[in-house]
Amino acid sequence: MPALKSKMNIKTMIILTGTLIAFYIGAGFATGQEVMQYYAAYGKQFFLPVIFFIVLFTGALWSFGNAAAEGNFAKGSDVFYWFGGKYAGKVFDYYTVIFLSMMLIVMFGGAGSTGQEQFGWDIWTGVLIMAVLVTGTALLGLNRLVDILGKIGPVIVALIVFVAVVTVIRDADNIKAGMEAISSGTVPVKRVGNSFIASGFSMVGVCLLLFSAFVTELAMVNGRREYNWGVVLSMGAIGLTMLILSLAIIANIFDMAVMEIPTLALAVLISPALAKVFSVVVFAGIYTTSVPIMWTVAARFAEDGTTRSRILMLVLCAVAVTVALLLPYSNLVNAIYGFGGYLGGLLLFFMIYKEAKYFIKKIRAKRFVDIA
């Protein structure tokens, strides 16, 4: 395990920051469905689930880093047993594999909807293009994967922020009306959870399942400072983007509520030419999350780079493509995110319990030393 370095490697920190951003910005975030259903749907309270999520998830990512440093894991999925023990750990381990496989369906579905709304493609065209790109990259292995994602992530965020900021500046006068329309129910908006706490908790649960094994692998092979700063910077960038994008969606909620790809619809309102560019951004966001998901599922059952791993990736790709072609994208987001979020959130309680025990143990050890 890498020791804590006296001097931080800035290049490694930047790559880790970009990788974490890229992994987070998948179909749900890049298309705007996740932001609309988890945050903008709460109208005047939109900022509360954002803050709640960012605080909890940042702490959880730090906790994964601590576990990687102390647990001497053979693979990233061992982190479930570190926090949950033999039995609960096994439940989280296998449940995560199922959930990640379902999330890959969401990603491919997002690609199909993006191609249909922006280019007039049949759904299957976007789904197949994404499937080929994702599977081809995942087959390259972890090191190459991190290098690619680390460069793409910040660019995607920058373009999403650009569209959101321009929209907020242009439509600032509509924000209040949008919030009132959401609060009164004038505009029905799908949302996950009945309160901002439930929403934020569900989102943390979703992300714990998505990130746990992969980020533990990242923490295992990188310095603690680089990893921790990568967490802080990436979560800060994502939180700010959530807030701005929520306002942009709220300002145009009368139109956005019925859109499969809200961010793309916002880009169209700015410029049809920009929308063409932004459709590539949405595809990139889907791609950067889909690749680690596919890699993580395969890595659970086979060593990276082996024939067995490659076969698993190809089978997973075929299943995800088939289901993505059968179900509407917005329904996939609502059903699968909700399904995974609440049970995934249970992992957070195990993590809090483990960290509390560790903290108490350190306090008692310090007191013993002081007395001695």
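This passage walks through the cavities, the nonpolar core, the salt bridges and several individual residues of a predicted model.

The enclosed space is a good place to begin. The structure holds 2 cavities of 30 Å³ or more, and the largest cavity contains about 120 Å³ of space. Its lining is made up of 16 residues, and those nearest the centre are Ser77, Ala213, Thr296, Ala299 and Arg300. Three helices, H5 (79-119), H9 (196-220) and H13 (272-301), each give at least two residues to this lining. In chemical character, the lining of the largest cavity consists of 8 nonpolar, 4 polar and 4 charged residues.

Turning to the packing of nonpolar side chains, the largest nonpolar core comprises 120 residues, and the members that touch the most others are Tyr24, Phe53, Phe108 and Phe211. Helix H5 provides the largest share of this core, with 16 residues. Phenylalanine 108 offers a useful view of the surroundings of one such core member. Beyond its neighbours within four places in sequence, phenylalanine 108 is in contact with Val127, Met130, Ala131 and Val134, with Ser290, and with Cys317, Ala320, Val321 and Ala324.

Charged side chains come next. In general, side chains of opposite charge can pair when their charged atoms come close. A search of the whole structure yields 3 salt bridges. One of them joins the side chains of aspartate 93 and arginine 300, with an N to O distance of 2.8 Å. This pair ties together distant parts of the chain, since aspartate 93 sits in helix H5 and arginine 300 in helix H13, 207 residues apart. Aspartate 93 counts as buried because its relative accessibility is 2%, and arginine 300 counts as buried because its value is 15%. Arginine 300 also appears among the residues nearest the centre of the largest cavity.

Another salt bridge is formed by the side chains of aspartate 78 and lysine 75, at 3.5 Å from N to O. Are these two partners buried or exposed? Aspartate 78 has a relative accessibility of 18% and therefore counts as buried, whereas lysine 75, with a relative accessible area of 31%, is partly exposed. The side chains of arginine 170 and aspartate 171 also meet in a salt bridge, with an N to O distance of 2.6 Å. Here arginine 170 counts as partly exposed, at 38% relative accessibility, while aspartate 171 is buried, with a relative accessible area of 9%.

Some buried residues within helices deserve a closer look. Threonine 288 lies in helix H13, and it counts as buried because its relative accessibility is 0%. Setting aside neighbours within four places in sequence, threonine 288 is in contact with Ala22, Phe23 and Ile25, and also with Leu149, Ile152 and Ile156. Serine 234 belongs to helix H10 (residues 224-251), and this serine likewise counts as buried, at 0% relative accessibility. Which residues does serine 234 touch, not counting those up to four places away in sequence? The residues touched by serine 234 are Thr17, Leu20 and Ile21.

Glycine 178 is located in helix H8 (residues 175-184) and is buried, with a relative accessible area of 1%. Not counting residues up to four places away in sequence, glycine 178 touches Ile250 and Ile253. The C-alpha atoms of glycine 178 and alanine 40 are separated by 9.7 Å, and the two residues are 138 residues apart along the chain.

Two loop residues complete the picture. Asparagine 72 lies in the loop between helix H4 (47-71) and H5. Its relative accessibility of 72% means that asparagine 72 counts as exposed, the cut-off for that class being over 50%. The backbone of asparagine 72 is also worth a glance: phi is near 50°, a positive value in a residue other than glycine. Leucine 326 is placed in the loop between helix H14 (307-324) and helix H15 (329-371). At 66% relative accessibility, leucine 326 counts as exposed. The C-alpha atoms of leucine 326 and tryptophan 124 are 9.8 Å from each other, and these residues are 202 residues apart along the chain.

Conventions. Residues are numbered from 1 along each chain as its sequence is written. This is a predicted model: local features need pLDDT of at least 70, side-chain atom pairs count only at pLDDT 80 or more; totals for chains, interfaces and linings use all residues. Side-chain values use heavy atoms; hydrogens and water are left out. On a 1 Å grid over the protein atoms alone, a cavity is a set of points where a 1.4 Å probe fits but cannot get out, and a pocket is an open set with protein on both sides within 12 Å along at least five of seven lines; lining residues have an atom within 4 Å of a point. Grid points are joined across faces, edges and corners, and a volume is the space filled by probe spheres set on the points. Helices (H or I, at least four residues) and strands (E, at least two) are DSSP runs, numbered from the N terminus. Ala, Val, Leu, Ile, Met, Phe, Trp, Tyr, Cys and Pro count as nonpolar, Asp, Glu, Lys and Arg as charged, and the others, Gly among them, as polar. Buried means under 20% relative accessible area, exposed over 50%, partly exposed in between (1.4 Å probe, protein chains only). Contact means heavy atoms within 4.5 Å. A nonpolar core is a set of buried Ala, Val, Leu, Ile, Met, Phe, Trp, Tyr and Cys residues joined through side-chain atoms within 4.5 Å. A salt bridge is a side-chain nitrogen of Lys or Arg within 4 Å of a carboxyl oxygen of Asp or Glu.
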